[in-house]
Amino acid sequence: MHVFDYNKTNFLKSFSNIIDIPHYYGIEIALIGYSNAGKSSIINSLTNQKKLARFSKMPGRTQLINFFEVSSKFRIVDLPGYGYSNAPEAVKLKWQKTLYDYLEKRDLLQGIVLVMDIRHPLKILDYKILNLIIQKKYFLIIVLNKCDKLTISKQKIQFDIVQKKIRSIIDTFQIVIFSSTHGIGTNTLRKILNIWYNKIYYSN
């Protein structure tokens, strides 16, 4: 099995429109979630680079489709966060179109990492993304982020709730409890992504 060195991941390029994205080689895995779910922190933790994916205390700053190259055959894609209510309506609509265009039309996209704050999982827009994942038959990982905000017993309760609800609508998925500040879940996420890559790439 091919194992990637995620520490060597580099920023590739950002795009505001799917038609501008080149047809790269290999596969893409996208991170998606509410604007305050912590996608950038997960990318930084995954790659062991504190400033690779820039983040701000003000949510909603990821307005572009950001590509990070793990290797020439494998890219991680950070999609615009959704649900940021303080953004102007026209801006929110543009982000939404960009996001759905990529999810629906990008043929190199093979898997989704759906990021949620473990304290507030499975909100309305998460379910909309799940329905699209089912339609497109993407691989799915649910990352329950910011687990350090809860006790271990409460983490388990939230895990069980999410697992039960997801299982009622989709057959195959994985859940990772995660905290970038405490280094929880990073190695597990890396291992799953490696397995995904090998399963997808060598089956084509």
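Lys 146 is partly exposed here, with a relative accessibility of 23%. This is a predicted model, so keep that in mind as we walk around it. Lys 146 is found in the loop between strand S6, which covers residues 139-145, and helix H4 (152-167). The backbone is worth a look too: phi of Lys 146 is near 65°, a positive value in a residue that isn't glycine.

Another lysine on the other side of S6 has a positive phi as well. Lys 137 sits in the loop between helix H3 (124-136) and strand S6 (139-145), and its phi is near 60°. At 72% relative accessibility, Lys 137 counts as exposed. An asparagine joins the list: Asn 48 follows helix H1 and has a positive phi near 55°.

Here are the relative accessibilities of some residues in this tour.

| Residue | Relative accessible area | Class |
|---|---|---|
| Lys 137 | 72% | exposed |
| Met 1 | 68% | exposed |
| His 182 | 53% | exposed |
| Lys 146 | 23% | partly exposed |
| Thr 9 | 4% | buried |
| Glu 28 | 0% | buried |

Now for the inside. Glu 28 belongs to strand S2, residues 27-33, and it is buried because its relative accessibility is 0%, where under 20% is the cut-off. What does the side chain of Glu 28 join through a polar contact? The partner is the side chain of Arg 106, at 2.8 Å. Arg 106 also turns up among the residues that Glu 28 touches beyond four places in sequence. That list includes Phe 67, Arg 75, Val 77 and Tyr 102, and it carries on with Leu 108, Leu 109, Gln 110 and Gly 111.

Thr 9 is another buried residue, at 4% relative accessible area. You'll find Thr 9 in the segment before strand S1 (10-15). Its side chain reaches the backbone oxygen of Tyr 6 at 2.8 Å. Setting aside neighbours within four places in sequence, Thr 9 is in contact with Thr 47, Gln 49 and Leu 52, and also with Phe 68, Glu 69 and Val 70.

One of those contacts, Thr 47, takes us to helix H1, since Thr 47 is among the buried residues of that helix. H1 spans residues 39-47, and eight of its nine residues are buried, so the helix is largely enclosed by the rest of the structure. Alongside Thr 47, the buried set has Lys 39, Ser 40, Ile 42, Ile 43, Asn 44, Ser 45 and Leu 46. What do these buried residues pack against? They meet S2, strand S3 (65-71), strand S4 (74-78), strand S5 (109-117), S6 and H5.

Back out on the surface, Met 1, Val 3 and Ile 195 form a nonpolar patch with about 330 Å² of accessible area together. Met 1 is found in the segment before S1 and counts as exposed at 68% relative accessibility. Ile 195 has a number that falls within helix H5 (186-201).

Last stop is His 182, in the loop between strand S7 (174-177) and helix H5 (186-201). His 182 is exposed, with a relative accessible area of 53%, over the 50% cut-off. The C-alpha atoms of His 182 and Ser 16 are separated by 33 Å, and the two residues are 166 residues apart along the chain.

Conventions:
Residues are numbered from 1 along each chain as its sequence is written. This is a predicted model: local features need pLDDT of at least 70, side-chain atom pairs count only at pLDDT 80 or more; totals for chains, interfaces and linings use all residues. Side-chain values use heavy atoms; hydrogens and water are left out. Helices (H or I, at least four residues) and strands (E, at least two) are DSSP runs, numbered from the N terminus. Buried means under 20% relative accessible area, exposed over 50%, partly exposed in between (1.4 Å probe, protein chains only). A polar contact is a pair of N or O atoms within 3.5 Å; within protein, one must be able to donate a hydrogen and the other to accept it, and residues adjacent in sequence count only if both atoms are side-chain atoms. Contact means heavy atoms within 4.5 Å. Patches are made of residues with over 30% relative accessible area and no salt bridge: like charges are joined within 9 Å, nonpolar side chains (Val, Leu, Ile, Met, Phe, Trp, Tyr) within 5 Å. Accessible areas come from the Shrake-Rupley method with a 1.4 Å probe; for residues, only the protein chains shown count as cover. A salt bridge is a side-chain nitrogen of Lys or Arg within 4 Å of a carboxyl oxygen of Asp or Glu.
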